[in-house]
Amino acid sequence: MQLYYTAAVRERRRFEHLIWVALAAPELARAAQPGQFVLFRSWVSLDPLLWPALFLAGADPTTGTVELLIDPRDPSGMWMIDLPVGATVELCMPSCAIFTPAPTTQTLLLAGVGSALPALLFLARRTADRRSVTLALAGEAGFLPPPFLLPATVEMLSSTDGEKGLFELITAPAPRHALQWADQVVFGLPSHLIGQAIAAVRAARLRWEDGFAHVIMTGPLPCGLGVCQACQIETRQGRQRRCVDGPLFDLRVVR
Amino acid sequence: MLDLAPHNPHTLTIATPVIAAAGSLGDVVGVARWLGLAQSASDHGLGAIISQTVTVAGKRGQPQFLPTPAGALYHHGGASLGLKQVRERLVSRWATYRVPVLVSIAGADAPIVAETLADTAGIAGFELALPALNAHEAARQVAAVRRATLLPLIVRLPGELPDPIAVAQASLNAGADAIALIGGLPACMPQADGGFVYGRLGGPAIFPFALRLVAAVAAAVDAPVIGMGGVATPEHARAMLAAGARAVALASALVADLRRAKIIADSLRVR
């Protein structure tokens, strides 16, 4: 299994404030799965921590392309915005826990904020052909992924009320209480919103089985390989590293 | 082949002059497959690996690793491997790697850990990390570890010593086989909440300072010196060797890119 990849910038577009970048990386595109992150840098820097970790927003093995959505407010990734088409970059994609829908799942709810949104976008694109997928996104105006990146069958709910808007979206009774209807849910959240996610699931479901709710946890991933241990979180199985033990966790396991 | 412990009957022979500094590969097992440690040194570039720090009981902690201009601030957060974990889970794996693995030890636990692991297959030696102290105290700590084990012993010095030559010499007189320096510089970084994270600064930002100290110590002592502190490129490594180091150790450079050891080792081999 490969860890490091070379890619070339194939296309770059601005969607309001977000920057969408398509990279030509055939081997990476074949290996990439929704929920995976890449550490990303240019050839020139020796700075040890200039590898921003970004969740992949999409991958197409047939065209050999992977997609990134870059938030220009993220200082570690600002330099990527100005990369010209044709520029070469290095990517490191460690293997990590990924989400596989249960065979019985017909209705999948994806809900998130912030840097996990590309991962949910990718997951929606990969799962929409066989399931009913609802994607609930919350953030600030101009920083949400555009709906046209999604298949037409994906129902997209969005809120520009920031983080607090997410739980209003998925628990609102009208048009339907998304969290009550879903067979499975995948959140994409920073650690400070985990408690709210657990409370929302508890309130919506009388029974909450293992495997019903997952979370892709965001936050800094300095090394991405489990070496520095700076990304540890508390779980019922002890401390686990988001980069190699996650970033996908069963929501029941996270403390 | 280089011997970093020429006066020790156990020897510490390394195939390349590039060493993974303490903790730069964590417990080593997690990244072994990416590095190909079951292969020869020509595949991964490493002459030796120093493990994460081992203490008697092991400690769960929350390390922090923050970017700084041209560097990285690291705080171990109290985390360490435990003896039980090393003996039951790790050492059998280390023994299968085609590269010597040394155990990093520090503090009051160091002699106990060294004594307990001294006869364990898969452990090629120890690296004792000293804090900022004087020569007398350094000699006392090194001697305590030396009494506990006859295996090769590297002593790592921090960058903030008032008299690194005296501490290096005292460590060698007390039984150390080699000296490694520098193990970072004390530093802190501001946080968004107004507080500070205190830790040790590594990365290319500290390389010139490290090079100066390595040159001074290498000129003054009659033992192998391992140059470390911001080594990230073949040019850095060559400068350390030119300053008198017998080998270099990579820390933040390896955390950032596992291929760095091979790049540097191949470059040194070509010349």
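How many bridges join E11(A) to strand E12 of chain A, and do the two run parallel or antiparallel? Keep that in mind as you open this predicted model and follow the stops below.

**Stop 1: strand E11 of chain A**

Select residues 184-190 of chain A, which form strand E11. Of these 7 residues, 6 are buried, so the strand is largely enclosed by the rest of the structure. A residue counts as buried here if 20 or more other C-beta atoms lie within 10 Å of its own.

**Stop 2: the partner strand E8**

Now add residues 107-113 of chain A, strand E8. E8 and E11(A) run parallel and are joined by 5 bridges. To see where they face each other, show A:Leu110, which stands opposite A:Val186 of E11(A).

**Stop 3: the partner strand E12**

Next, select residues 213-218 of chain A for strand E12. Here is the reply to the opening question: 6 bridges join E11(A) to E12, and the strands run parallel. Try showing A:Leu189 together with A:Met217, its bridge partner in E12(A). To trace the path from E11(A) to E12(A), colour helix H5, residues 194-204 of chain A; the chain passes through this helix in a right-handed β-α-β crossover.

**Stop 4: where chains A and B meet**

Finally, bring chain B into view. The contact involves 19 residues from chain A and 25 from chain B. On the chain B side, select strand E5 (64-68), strand E6 (71-75) and helix H9 (252-256), each of which supplies at least two residues. H9(B) gives the largest share, with 4 residues. If you colour this side of chain B by residue type, you will find 14 nonpolar, 9 polar and 2 charged residues.

Methods: Residues numbered from 1 in each chain as written. Chains lettered and ligands numbered in written order. Predicted model: local features only at pLDDT ≥ 70, side-chain atom pairs only at ≥ 80, totals over all residues. Buried ≥ 20, exposed ≤ 12 C-beta atoms within 10 Å, placed from the backbone. Pairing = 2+ DSSP bridges. Right-handed = clockwise from strand over helix to strand, strands pointing away. Contact = placed C-beta atoms within 7 Å. Nonpolar A, V, L, I, M, F, W, Y, C, P; charged D, E, K, R; others polar.
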